[in-house]
Amino acid sequence: MLFVCTGNICRSPTAEGMFRAMVERAGLVEAIDIDSCGTHGYHVGERPHPPSVFEAKRRGYDISQLRARPLLPGDYDMFDLMLACDAGHRRILESRAPVRARGRVRMLMDFAPDHGVRDIPDPWGGEETDYRLAADLIEAACEGLLAHVRREIGAAP
Ligand code: 4NP
């Protein structure tokens, strides 16, 4: 499971931290590889942006120790699902994908269809409410994703 956004300092590390905590709680940590990256390398090596760390912490998730990294060619062989935070990420993921890996790219919000949005708006440089909205969408999508994974691996709900 690879979560992908632009800088890997706001949306995708939030998704990584939330999903890992949910997977740990579900006792499935051995079964699922979880990571995140950015389509662009602007922030490589940086911790998540402080408002994202704050918003995650408020909800009980610690993402403060994560470090940004770029999307790498080897990621296409490492992950069964590559989850784009918005349509721009999906385009980049698909354009760089070897033919064998094209079906692995999905929109993260596909796993929270009730929200009726495809893109998680970029909160970077925005207000606290922007970070809150992004975290709301990401948390819902991670819950949906966990339900999907449980079905895929035949784990009890
Ligand atoms: P993220 O937010 O993709 O959710 O990590 C962004 C962070 C940095 C930039 C864009 C989006 N940037 O252009 O540097």
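In which loop is the place of N8? N8 sits in the loop that runs between β1 and α1, and this report, which describes a predicted model, starts from that residue before turning to the helices and the nonpolar cores.

**Residues in loops**

The backbone of N8 has a phi near 60 degrees, which is a positive value in a residue other than glycine. N8 has a relative accessible area of 2%, and because buried means under 20% this residue counts as buried.

H43 belongs to another loop, the one between β2 (residues 35-38) and α2. With a relative accessible area of 15%, H43 is also under the 20% cut-off and is therefore buried. If neighbours within four places in sequence are left aside, the residues in contact with H43 are G7, I9, A68 and W124.

S64 is found in the loop between α2 and α3, where α3 covers residues 75-78. Not counting residues up to four places away in sequence, S64 touches R47, P48 and V53. S64 and I32 are 32 residues apart in sequence, and their C-alpha atoms are 21 Å apart in space.

**Two helix pairs that involve α5**

Two packed helices are described by the angle between their axes and the distance between the axes. The table gives these values for two pairs.

| Helix pair | Angle between axes | Distance between axes | Handedness of crossing |
|---|---|---|---|
| α1 (residues 11-25) and α5 (residues 128-153) | roughly 45 degrees | within 9 Å | right-handed |
| α2 (residues 50-58) and α5 (residues 128-153) | about 55 degrees | 10 Å | right-handed |

For the first pair, the axes of α1 and α5 cross at roughly 45 degrees, which means that α1 is oblique to α5. On the side of α1 the contact involves R11, T14, A15, M18, F19, M22 and V23, and these meet A135, I138, E139, C142, E143, L145, L146 and V149 in α5. Sorted by character, the residues of this contact of α1 with α5 divide into eleven nonpolar, one polar and three charged.

For the second pair, α2 and α5 pack at an angle of about 55 degrees, and so α2 too is described as oblique to α5. Here P51, S52, F54, E55 and R58 of α2 make the contact with E128, Y131, R132 and A135 of α5. The residues of this contact of α2 with α5 divide into four nonpolar, one polar and four charged.

**The nonpolar cores**

In soluble globular proteins, nonpolar side chains tend to be buried together. In this model the largest nonpolar core has 35 residues, of which M1, F3, F19, L108 and L145 touch the most other members. At least two residues of this core are supplied by each of β1 (residues 2-5), α1, α2 and α5, and the largest share, ten residues, comes from α5.

L145 offers a way to look at this region in detail, since it appears both in the contact of α5 with α1 and among the core residues that touch the most other members. Leaving aside neighbours within four places in sequence, L145 is in contact with M1, F3, F19, L81, L83, L108 and F111. Another core lies apart from the largest one and has 13 residues, among them L2, V4, A84 and A101.

Key: Residues are numbered from 1 along each chain as its sequence is written. This is a predicted model: local features need pLDDT of at least 70, side-chain atom pairs count only at pLDDT 80 or more; totals for chains, interfaces and linings use all residues. Side-chain values use heavy atoms; hydrogens and water are left out. Axes are lines fitted to C-alpha atoms, for helices over the stretch in contact, and angles run from 0 to 180 degrees between N-to-C directions. Helices (H or I, at least four residues) and strands (E, at least two) are DSSP runs, numbered from the N terminus. Angles under 35 degrees count as roughly parallel, over 145 as roughly antiparallel, 65 to 115 as roughly perpendicular and the rest as oblique. A crossing is left-handed if the near helix is turned anticlockwise from the far one by less than a right angle, and right-handed if clockwise. Contact means heavy atoms within 4.5 Å. Ala, Val, Leu, Ile, Met, Phe, Trp, Tyr, Cys and Pro count as nonpolar, Asp, Glu, Lys and Arg as charged, and the others, Gly among them, as polar. A nonpolar core is a set of buried Ala, Val, Leu, Ile, Met, Phe, Trp, Tyr and Cys residues joined through side-chain atoms within 4.5 Å. Buried means under 20% relative accessible area, exposed over 50%, partly exposed in between (1.4 Å probe, protein chains only).
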